[in-house]
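Visitor: I'm new to reading protein structures. Could you show me one and let me ask about it?

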Amino acid sequence: LEALTAVVAAMKEDRVEHWVQVGDIVGYGPDPCACIDIIRELGATVCMGNHDAAVVGSLETDYFNTYARMAIEWTRTQLRRSDLEYLG
């Protein structure tokens with residue numbers, strides 16, 4: 001969340017006209033809902049990342065390492081229904 005917030009602030013200063021998010025909104029930190037909210041509010045064009053896909057059940061987690069699998073499973077418990085729909 002901290003990194004995303006910092007990047008968005010810097011890009012807003014540069015007056016970005018169109019936002020593109022290239023995958024993995026979730027899976028890397030303790031604030032997945034807040035990260036989804038930020039990307040959603042930007043109206044970004046979004047590509048589904050492998051962590052995003054795993055969280056919504058579109059990708060098996062067999063090839064993820066143990067820590068990534070744990071993060072995916074934890075993230076699933078944190079997301080709101082609307083977040084899951086957005087990621088899907």
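Visitor: Let's start with Arg-40: is it buried, partly exposed or exposed?
Guide: Keep in mind that this is a predicted model. Buried means under 20% relative accessible area and exposed means over 50%. Arg-40 has a relative accessible area of 32%, so it counts as partly exposed.

Visitor: And which residue does the side chain of Arg-40 meet in a salt bridge?
Guide: Look across from helix H2, where Arg-40 sits, to helix H5, 43 residues away in sequence. The N to O distance of the salt bridge is 3.5 Å, and the cut-off is 4 Å. The partner of Arg-40 is Asp-83.

Visitor: Is Asp-83 buried or exposed?
Guide: Remember that under 20% is what we call buried. Asp-83 has a relative accessible area of 0%, so the verdict is buried.

Visitor: How many salt bridges does the structure hold?
Guide: You've met Asp-83 with Arg-40 already. Arg-80 forms one with Asp-83, where the closest N and O atoms are 2.8 Å apart. Arg-80 also pairs with Asp-37, at 2.6 Å. The count for the structure is three.

Visitor: Which residues do those shared partners join into one network?
Guide: Just follow the partners along: Arg-80 bridges to Asp-83, and Asp-83 bridges to Arg-40. Arg-80 bridges to Asp-37 as well. That gives one network of Asp-37, Arg-40, Arg-80 and Asp-83.

Visitor: Why does the pair of Arg-80 and Asp-37 tie together parts that are apart in sequence?
Guide: The salt bridge brings their closest N and O atoms to 2.6 Å. Arg-80 lies in the loop between H4 and helix H5, while Asp-37 is in helix H2, so the parts tied together are apart in sequence by 43 residues.

Visitor: Now the inside. Which element gives the largest share of the largest nonpolar core?
Guide: As a rule, nonpolar side chains in soluble globular proteins tend to be buried together. The core here has 18 residues, and Ile-25, Val-26, Ile-36 and Leu-42 are among those with the most contacts inside it. Helices H2, H3 and H4 each give two or more residues. The largest share is six residues, and it comes from H2.

Visitor: Val-55 is on that list of well-connected core residues too. Which residues does it touch beyond four places away in sequence?
Guide: Val-55 belongs to helix H3, which runs over 50-55. Skipping its neighbours in sequence, Val-55 touches Val-26, Ile-72, Thr-75, Arg-76, Leu-79, Leu-84 and Leu-87.

Visitor: What about Val-46: how far is its C-alpha from that of Trp-19?
Guide: Val-46 sits in strand E2 and is partly exposed, at 35%. Its contacts beyond four places in sequence are Gln-21, Ile-25, Ile-39 and Tyr-86. Trp-19 is 27 residues away along the chain, yet the C-alpha separation from Val-46 is 8.5 Å.

Visitor: Stepping back, what pattern does the chain follow along the sequence?
Guide: The chain has five helices and two strands. Read along the sequence, the order is α-β-α-β-α-α-α.

Visitor: Last one: what radius of gyration does the chain have?
Guide: The C-alpha trace spans about 40 × 20 × 20 Å along its principal axes. For 88 residues, a compact globule would come out near 12 Å, and the chain agrees with that, having 13 Å.

Definitions and conventions. Residues are numbered from 1 along each chain as its sequence is written. This is a predicted model: local features need pLDDT of at least 70, side-chain atom pairs count only at pLDDT 80 or more; totals for chains, interfaces and linings use all residues. Side-chain values use heavy atoms; hydrogens and water are left out. A nonpolar core is a set of buried Ala, Val, Leu, Ile, Met, Phe, Trp, Tyr and Cys residues joined through side-chain atoms within 4.5 Å. Buried means under 20% relative accessible area, exposed over 50%, partly exposed in between (1.4 Å probe, protein chains only). Helices (H or I, at least four residues) and strands (E, at least two) are DSSP runs, numbered from the N terminus. Contact means heavy atoms within 4.5 Å. The radius of gyration is taken over C-alpha atoms; the globule rule is 2.2 Å times the number of residues to the power 0.38.
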